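Let's take a walk through this structure together, with charged side chains as our guide. Keep the 3D view open as you read.

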Amino acid sequence: MALAFSLRHHPRIASPLRPSLPRPRPRRLPFCVACVRPSASPAPGQGEAARGGSALVWFKNDLRVDDHPGLVAAVAKHETVVPLYVFDHRILSDLSDEMREILLFSVKELKELLKDQGSDLLLGFGSTEDVILELVNKVKPSHIYAEEEVEYNLRKLTTTVESSLSAVPFSWGNPEFIFWRTPFYDFKNLKELPASYHEFTKLKLSISLPLPAPTIPVFSMELKTSALPSLVDVKNYLDGTPCQSDDSWISLKKASPKSILKMNRNQNIMKTDPAERGEYYDEKGKETSSTFNNVRSTKISNSMFVSQEGSLVKGGTNTVLNALIAYLRYLEGTARDDWQELHDKLRKAERRKGASFSALFGSALYFGTISRRRVYYEAIKYEKERNAGFLSPFGYSAPTVAAAVDAVCSMEWYSVLALKSQICNEGVYPVRIWRWKGHFIQYTAVGNEGPAALLVHGFGAFLEHFRGNISNIADGGHRVWAISLLGFGKSEKPNVIYTELLWAELLRDFIVDVVREPVHLVGNSLGGYFVATVAGLWPSLVKSLVLINTAGSIVPTISSIPSVDVKLIQERKISGLAWLQAQLLLLFLRSTAGKFIEKCYPTNVERVDGWLVGEILRASFDPGAAIVLESIVSFDLSIPLNYLLGSFGGEVLIIQGMKDPLTKSETFLSMVREHCNKVTVSELDAGHCPHDEVPQKVNSILREWITRIESSLHILERA
């Protein structure tokens with residue numbers, strides 16, 4: 001760290017964020033003893049009293065002082081508290097420019113809040129372990145407070161920092177790490193919580209109250225710190241890091257599937273999408289609407305957004321709380337320019353009922369400028385204000401309250417599932433968590449060397465559907481990734497409109513951000529169509545394509561994209577009929593799941609065991625499951641497979657279970673052979689999911705295929 005300022009003594013100043021709310025009733029500490037892990041044993045003879053002088057609070061994605069259990073605990077135990085944020089390339093590299101700019105606004109406001117109390121937020125650039133090591137030598141903290149993470153990259157970073165400090169024998173003793181959480185539900189033991197939301201709701205757990213912002217102790221200490229950087233500074237820093245991917249690799253994420261399809265059509269498309277019209281309800285329950293033209297064209301001075309085009313709320317806790325109040329009070333109307341701007345964006349973002357909340361506040365929750373339970377508390381408080389202090393058992397009186405409560409309760413459930421998978425993983429493979437657009441995505445990675453393969457499941461499945469394939473393929477000298485897509489398995493099921501292009505973008509970003517090299521892409525059923533879409537739109541990411549009983553169709557006359565309907569490159573709207581169909585489909589799947597799946601395994605029905613059926617049923621009760629089905633029943637998969645495979649231009653293997661009850665396999669393969677090039681077909685005596693029904697046969701085919709493709713690629717590289 002290269003910097004310089006001095007922190008001077010000030011009288012203790014009350015936090016500007018301290019709400020005029022009743023203090024929560026006495027309860028246990030919001031982090032449990034099990035979350036406290038020493039990075040090294042204290043030096044002999046050194047007890048708690050001898051080491052309690054100062055503490056370091058390491059901020060990551062918890063950029064607030066309100067409802068911050070780690071900060072509250074540090075202030076309660078230590079006379080000197082040193083807040084720190086590090087601009088580390090491992091945190092910044094995967095963020096978009098818009099998210100980086102929002103991060104800078106959040107850090108700036110947090111720094112200002114702390115300075116108002118005579119403290120400050122120390123800023124560092126570079127590797128976090130180096131920055132913290134330097135600071136520990138200067139401050140000599142007895143404890144380091146950090147939020148317990150679920151995301152794999154952040155957990156890995158935390159372990160690196162712990163290891164770095166434990167390797168140094170500090171004369172005053174090694175600092176102890178305190179890992180804290182912000183528990184939404186008041187539970188005692190995470191390991192004992194059921195993984196089924198259906199069973200979880202039966203516990204009727206109370207929701208804990210948010211903690212008031214503490215008064216931060218001031219300290220007098222000469223320290224060096226970085227100045228708050230600009231977005232240009234951050235970009236220049238990332239460009240100079242050795243791990244930074246080349247520009248061509250990064251630029252792939254900037255090309256949306258819509259823009260690629262538009263370019264491929266080579267013609268201008270008029271913007272007539274009805275999804276541009278957001279719908280909401282006025283105080284009397286009448287439907288209102290707002291088109292893109294209703295959004296204000298003049299930038300207001302106190303805007304809560306980074307840009308006129310963006311919909312993510314920027315800034316720190318004060319800004320976000322102001323935006324939340326404006327959001328909740330949408331039905332009341334307003335004369336304030338900043339609230340009117342938010343209401344305009346709310347209407348535009350409301351593509352389906354309740355979707356506007358995450359669209360507006362997703363970044364604030366991601367960076368932790370506001371906690372989920374603070375959102376819940378404010379929403380319920382406002383609902384009680386509207387109803388003379390009561391909550392109706394028949395639902396909320398304002399749709400914005402319902403949207404906020406449903407969103408944070410859903411997010412909390414998937415956060416609990418993610419944390420549970422890290423602390424007490426009960427699966428066959430180690431589960432990792434990746435955050436995509438703020439959502440929790442579960443995946444696994446097996447194997448240490450060899451070419452990369454990514455396995456993508458089909459409708460209703462999850463990464464463990466490849467239970468018989470992952471290790472076997474990895475043992476053949478490959479590195480294997482398998483992912484539970486957004487909306488499936490134990491991955492998050494947010495309130496968004498799901499499209500084949502959304503899932504294709506997710507897979508593209510996973511390859512770029514997680515795998516970080518081109519892959520052999522394998523997909524089953526609907527997952528087959530998704531991977532074909534990735535290969536067709538971003539062919540440089542894919543070494544070869546394997547489709548296992550894929551969804552999608554072959555259109556004989558297709559040679560280019562013009563015949564594809566305009567709706568494919570625009571956001572879809574979900575109809576009331578789709579909602580009804582989704583509810584009926586959900587009931588059908590829950591009542592007949594076992595029998596239906598058995599029909600898809602005609603030659604090896606024993607593979608349809610209690611675990612497989614149970615996991616599918618478990619996911620069907622998750623919050624948001626019905627929303628996924630609403631989109632699924634609206635699918636038409638109108639981009640033909642032969643167009644996608646032609647756009648890819650690489651080698652394609654089609655593995656087809658010929659007894660698939662969902663597909664006319666003979667007809668499909670006949671069309672493939674006639675209208676697709678560079679396609680190899682392998683027919684199996686199996687149903688819709690050959691990879692799980694006859695895994696040994698599929699594994700052998702996949703290993704031989706990858707080996708052959710790799711040999712061909714090596715020959716081309718040497719030529």
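What follows is a short tour of salt bridges in this model. Please bear in mind that the model is predicted.

Some background helps to begin with: side chains of opposite charge can pair when their charged atoms come close. In this structure, 32 salt bridges are present.

Start with Asp-67 and Arg-373, whose side chains form a salt bridge with an N to O distance of 2.8 Å. Asp-67 sits in the loop between strand 3 (54-59) and helix 1 (69-77), while Arg-373 belongs to helix 13 (residues 372-386), so this pair ties together parts that are 306 residues apart in sequence. Buried or exposed, where does each partner fall? Asp-67 has 0% relative accessibility and therefore counts as buried, since the cut-off for that class is under 20%. Arg-373, with a relative accessible area of 3%, is buried too.

Next, turn to Arg-90, which pairs with Glu-129 in a salt bridge whose closest N and O atoms are 2.7 Å apart. Because Arg-90 lies in helix 2 (residues 89-92) and Glu-129 in helix 4 (residues 128-139), the pair ties together parts that are 39 residues apart in sequence. Here Arg-90 is partly exposed at 29% relative accessibility, whereas Glu-129 is buried at 14%.

Another stop is the salt bridge between the side chains of Asp-509 and Arg-508, at 2.8 Å from N to O. Both Asp-509 and Arg-508 are buried. Finally, look for Asp-66, Arg-374, Glu-378 and Lys-381, which are joined into one network by salt bridges that share partners.

Terms used:
Residues are numbered from 1 along each chain as its sequence is written. This is a predicted model: local features need pLDDT of at least 70, side-chain atom pairs count only at pLDDT 80 or more; totals for chains, interfaces and linings use all residues. Side-chain values use heavy atoms; hydrogens and water are left out. A salt bridge is a side-chain nitrogen of Lys or Arg within 4 Å of a carboxyl oxygen of Asp or Glu. Helices (H or I, at least four residues) and strands (E, at least two) are DSSP runs, numbered from the N terminus. Buried means under 20% relative accessible area, exposed over 50%, partly exposed in between (1.4 Å probe, protein chains only).
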